[in-house]
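The following exercises concern a single predicted model. Please study the sequence and the structure, then work through each solution in order.

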Amino acid sequence: SSSGNGFPNVRRKPVIIIVVGMAGSGKTTLMHRLVAHTHIKNIRGYVMNLDPAVMTLPYASNIDIRDTVKYKEVMKQFNLGPNGGILTSMNLFATKFNEVISMIERRADQLDYVLVDTPGQIEIFTWSASGAIITEAFASTFPTVVAYVVDTPRSEDPTTFMSNMLYACSILYKTRLPLILTFNKVDVAAHQFALEWMEDFEAFQTAASSDQSYTSTLTQSLSLVLDEFYNNLKSVGVSAVSGAGMEAFFKVVEASADEYMNTY
Ligand code: GDP
Ligand code: MG
């Protein structure tokens with residue numbers, strides 16, 4: 001089928017779901033839950049791990065950067081620290097990424113989704129050349145969406161919420177891909193407050209004004225900027241631990257993939 005995204009060869013399936021978020025937001029646990037959900041529901045998916053430094057994963061992956069690049073050896077060989085090791089490993093993997101794309105293309109008829117886990121430190125993926133190369137390779141071949149995982153309980157603090165939203169905003173404008181604000185850990189704190197703050201910036205400003213570190217003019221102008229940003233994205237509440245919101249998550253992914261096909 002044709003698409004409006006300027007990439008004439010993009011077909012509707014599989015949908016690539018790139019999972020990003022601050023360290024500790026629950027990306028890996030959520031991946032595990034999403035994989036379990038796809039098994040139960042007979043949804044056909046691939047699982048990809050792009051974190052070269054992860055020791056053990058709770059889920060089985062079909063494509064794993066660790067099979068191609070040995071992070072510890074890269075660190076030794078190039079005399080690098082942990083972050084440099086991860087970055088260089090990703091660079092090495094990015095040079096072979098066309099093989100990964102070809103492999104997914106060969107299986108495309110049997111796949112609904114490819115779930116992609118990214119390195120623990122978010123900026124290593126979102127602000128590196130290799131992260132951009134990998135993202136673009138996906139997005140020029142398949143409908144690609146970004147699931148930005150938010151630690152909901154931690155974001156009840158207005159300042160943390162604002163920083164998190166600004167980061168998500170920067171990813172939206174950098175990747176130009178549909179972004180799904182995925183409020184995780186709703187078993188600990190419901191994400192209703194976030195929806196209210198996104199809906200009504202005055203409600204957010206009221207919450208922020210009770211914060212000691214509140215800098216009123218900056219926060220007010222930023223919340224106006226974010227107001228426009230919120231109009232451009234979808235959100236969903238999930239719990240990687242309880243399994244809440246899995247159906248809703250995949251619904252939002254489908255809507256985002258449609259958006260990708262129609263408007264990008
Ligand atoms: P990552 O660094 O983003 O990959 O985060 P992890 O998946 O390693 O999770 C970080 C911590 O948050 C772990 O202790 C998880 O058990 C916990 N966690 C992840 N998802 C949830 C959730 O939905 N609810 C609760 N209560 N804890 C969670
Ligand atoms: Mg992780």
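**Exercise 1.** Determine which residues of helix H10 are buried and which are exposed.

Solution. Step 1: helix H10 covers residues 201–209 (helices are DSSP runs of H or I, at least four residues, numbered from the N terminus). Step 2: Phe 204, Gln 205, Ala 207 and Ala 208 are buried, where buried means under 20% relative accessible area and exposed over 50%, with partly exposed in between (1.4 Å probe, protein chains only). Step 3: these four cover an arc of only 160° around the axis, which puts them on the same side of H10; the arc is that of the directions from the helix axis to the C-beta atoms. Step 4: on the other side of H10, Glu 202 and Thr 206 are exposed.

**Exercise 2.** Compare the expected span of helix H8 with the distance between its end C-alpha atoms.

Solution. Step 1: the expected span is 1.5 Å times one less than the number of residues. Step 2: for the 18 residues of H8 (residues 158–175) this gives 26 Å, and the end C-alpha atoms are 26 Å apart, which agrees. Step 3: after H8 comes Arg 176, whose phi is positive, near 55°.

**Exercise 3.** Classify the aromatic pair of Tyr 113 and Phe 250.

Solution. Step 1: rings of Phe, Tyr and Trp (its six-membered ring) pair if their centres lie within 6.5 Å; planes under 30 degrees apart are stacked, over 60 edge-to-face, the rest tilted. Step 2: the centres are 4.9 Å apart with 50° between the planes, and the pair is tilted.

**Conventions.** Residues are numbered from 1 along each chain as its sequence is written, and chains are lettered from A and ligands numbered from 1 in the order in which they are written. In this predicted model local features need pLDDT (the predictor's confidence in each residue, from 0 to 100) of at least 70, side-chain atom pairs count only at pLDDT 80 or more, and totals for chains, interfaces and linings use all residues, while side-chain values use heavy atoms, leaving out hydrogens and water.

Notes. Helix = DSSP H or I, 4+ residues; strand = E, 2+ residues; numbered from the N terminus.
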